[in-house]
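Subject: Structure for you to look at

Hello,

I am passing on the structure we spoke about. Please have it open while you read the notes that follow.

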Amino acid sequence: PFLACALLPFMGVEEIAGLGRLDQLASSYSVAILCFLTGVHWATQLYEKEAAPFNLFIGSNAIFLVVWIAYVAADLPWALATQLLAFPALLAIDFRLLRNGLITAHYLRVRAVATVLACLSLLLILVN
């Protein structure tokens, strides 16, 4: 969805009937994905509280709270910019989780690739 929302405007498609503008769809999808990633951190905190490098409830929730507030209260470009910053911030937390042995290197690689694709797409949407 990120790539489609970023690339379709270059083909003249600005919105999808019944769903809305592509930049708004990308922002909504981004909030959902960031919520999911935060949930993964929360689950890690629940199951590995002693091994967690810091309280993941607080760290991940603070990032998501900023994203959510920007999503509901700010203009779309600010919401997208906030989301663009949140993906690498949550990935940085995952690097710490890898160092503590709480996630696998394979999971981190998949997260890194997905983060790069999401960030490049959001950046393209922002500058378009």
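Gly-101 counts as exposed, because its relative accessibility is 59% and the cut-off for exposed is over 50%. The residue sits in the loop that joins H4 and H5. Its C-alpha atom is 9.2 Å from that of Ala-52, although the two residues are 49 apart along the chain. Please keep in mind that this is a predicted model, so every value here was computed from predicted coordinates.

Asp-94 is the opposite case. This residue belongs to helix H4 and counts as buried, with a relative accessibility of 1%. Setting aside residues up to four places away in sequence, Asp-94 touches His-41, Ile-103, Tyr-107, Leu-108 and Arg-111.

Next, the nonpolar core. The largest one has 27 residues, and Leu-34, Phe-87, Leu-97, Leu-122 and Ile-125 are the members that touch the most others. At least two of the core residues come from each of helix H1 (2-7), helix H2 (22-47), helix H3 (56-73), helix H4 (76-99) and helix H5 (105-127). Which helix gives the most to this core? It is H4, with eight residues. As background, nonpolar side chains in soluble globular proteins tend to be buried together.

Phe-87 is a useful residue to click on in the viewer. Beyond four places in sequence, Phe-87 is in contact with Phe-2, Ser-30, Ile-33, Leu-34, Leu-37, Arg-111, Thr-115, Ala-118, Cys-119 and Leu-122. One of these, Leu-34, is also among the core members that touch the most others, and so is Leu-122.

The largest pocket has a volume of about 240 Å³. Its lining is made up of 16 residues, and those nearest the centre are Phe-2, Ile-33, Ala-114, Thr-115 and Ala-118. Phe-2, Ile-33, Thr-115 and Ala-118 were also listed above as contacts of Phe-87. H1, H2 and H5 each give at least two residues to the lining, and H5 gives the most, with eight. By type, the lining consists of 13 nonpolar residues, two polar ones and one charged one.

Phe-57 is another aromatic residue to look at. You will find Phe-57 in helix H3, where it is partly exposed, with a relative accessible area of 34%. Apart from neighbours within four places in sequence, Phe-57 is in contact with Trp-42, Gln-45 and Leu-46. The C-alpha atoms of Phe-57 and Gly-39 are separated by 9.0 Å, with their positions 18 residues apart along the chain.

Last, the cysteines. How many disulfides does the model have? The count is zero. Cys-35 is in none, and the nearest cysteine sulfur to its own belongs to Cys-119, 17 Å away. A disulfide needs the two sulfur atoms within 2.5 Å, so that pair does not qualify. Cys-35 is partly exposed, at a relative accessible area of 41%. Cys-119 is in no disulfide either, and its nearest cysteine sulfur is that of Cys-5, at 15 Å. Is Cys-119 buried or exposed? Cys-119 is buried, with a relative accessible area of 13%, because the cut-off for buried is under 20%.

Regards

Conventions. Residues are numbered from 1 along each chain as its sequence is written. This is a predicted model: local features need pLDDT of at least 70, side-chain atom pairs count only at pLDDT 80 or more; totals for chains, interfaces and linings use all residues. Side-chain values use heavy atoms; hydrogens and water are left out. Buried means under 20% relative accessible area, exposed over 50%, partly exposed in between (1.4 Å probe, protein chains only). A nonpolar core is a set of buried Ala, Val, Leu, Ile, Met, Phe, Trp, Tyr and Cys residues joined through side-chain atoms within 4.5 Å. Helices (H or I, at least four residues) and strands (E, at least two) are DSSP runs, numbered from the N terminus. Contact means heavy atoms within 4.5 Å. On a 1 Å grid over the protein atoms alone, a cavity is a set of points where a 1.4 Å probe fits but cannot get out, and a pocket is an open set with protein on both sides within 12 Å along at least five of seven lines; lining residues have an atom within 4 Å of a point. Grid points are joined across faces, edges and corners, and a volume is the space filled by probe spheres set on the points. Ala, Val, Leu, Ile, Met, Phe, Trp, Tyr, Cys and Pro count as nonpolar, Asp, Glu, Lys and Arg as charged, and the others, Gly among them, as polar.
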